[in-house]
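Student: I am new to this model. Can you show me how to read it, feature by feature?

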Amino acid sequence: FFRDLCPLAIAFPEFSPIMSFSSLGVELQCKRSAACAASQNGHVYIFGGYDDAAEFATCEVYEASSNTLAMLPSAMCSVRDAACAVAEGGRIFIFGGHDGQALSSCEVFDPLRKTFTKLPTAMCSKRDGACAAAQGGRVFIFGGRETPRYQSSCEVFD
C-alpha cells in the first residue's frame, strides 16, 4: 500500500512513512541554538551553540542507554555556534563556526580523555553554517558562509 503512495519507499525499502518523532523526556542543561553534534562510542555529543545572548564553548553528552544528558567538565578551546562536527577515527572534529565573526579554526575532541585540542592548522576559508562528512579517513567540509558571502567552496582535512 505505502509503496504506491510513497516513491521513497521504492527507492529506500527501509524507509517507513509511518515513522514519527517522539520526545526523549530529557532536556539540555542550557538552551542552545546553532549547536553542532556528532556521535561516537554510543554517545551523542552536543557542542557550542548560542542562546540569544552569547556563544558557548560548552559540550553536553547524551547517553542513550540511560537516557541522560550531562554537561562535560571540559570546554571547547573556543566559543562557537554554527560550527560543524564529524566523528572520525575515534575522535570528533569541530570546524569553523561563529564567535561574532566566522571562524577558520578547528579543534578535536577525544571522547576517551574528554579533552579538546586546538588543531595547529586552520581551514582555508572562514566558515559558519558549513556541513562536514567523513569518508575513508578524510573529513570533507562543504559550503557555509563568511558574512555576508555564502560559500560554494569545499575543503578536505586528512
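Tutor: Keep in mind that this is a predicted model. Start with a loop. Val79 sits in the loop that links strand 4 (68-71) to strand 5 (84-88).

Student: Is Val79 buried or exposed, or something in between?

Tutor: The class between buried and exposed runs from 20% to 50% relative accessible area. Val79 has 34%, so Val79 is partly exposed.

Student: Which residues does Val79 touch, leaving out those up to four places away in sequence?

Tutor: Its contacts are Glu55, Phe56, Ala57, His98, Asp99 and Leu103. Take Phe56: 23 residues separate Val79 and Phe56 along the chain, yet their C-alpha atoms are 4.9 Å apart.

Student: How many disulfides does the structure hold?

Tutor: Zero. A disulfide needs two cysteine sulfur atoms within 2.5 Å. For Cys124, the closest cysteine sulfur belongs to Cys106, at 9.6 Å, so the pair is too far apart for a bond. Cys124 is exposed, at 73% relative accessibility. Cys30, at 22%, is partly exposed.

Student: What should I look for in the backbone angles?

Tutor: Look at the sign of phi. Most residues other than glycine have a negative phi. Asn41 has a positive one, near 55°. Asp52 also has a positive phi, near 75°.

Student: Where do Asn41 and Asp52 lie?

Tutor: Both are in loops. Asn41 falls between strand 1 (36-40) and strand 2 (43-47). Asp52 falls between strand 2 and strand 3 (59-63).

Student: Are Asn41 and Asp52 buried or exposed?

Tutor: Exposed means over 50% relative accessible area. Asn41 has 51%, so Asn41 is exposed. Asp52, at 66%, is exposed too.

Note on methods. Residues are numbered from 1 along each chain as its sequence is written. This is a predicted model: local features need pLDDT of at least 70, side-chain atom pairs count only at pLDDT 80 or more; totals for chains, interfaces and linings use all residues. Side-chain values use heavy atoms; hydrogens and water are left out. Helices (H or I, at least four residues) and strands (E, at least two) are DSSP runs, numbered from the N terminus. Buried means under 20% relative accessible area, exposed over 50%, partly exposed in between (1.4 Å probe, protein chains only). Contact means heavy atoms within 4.5 Å.
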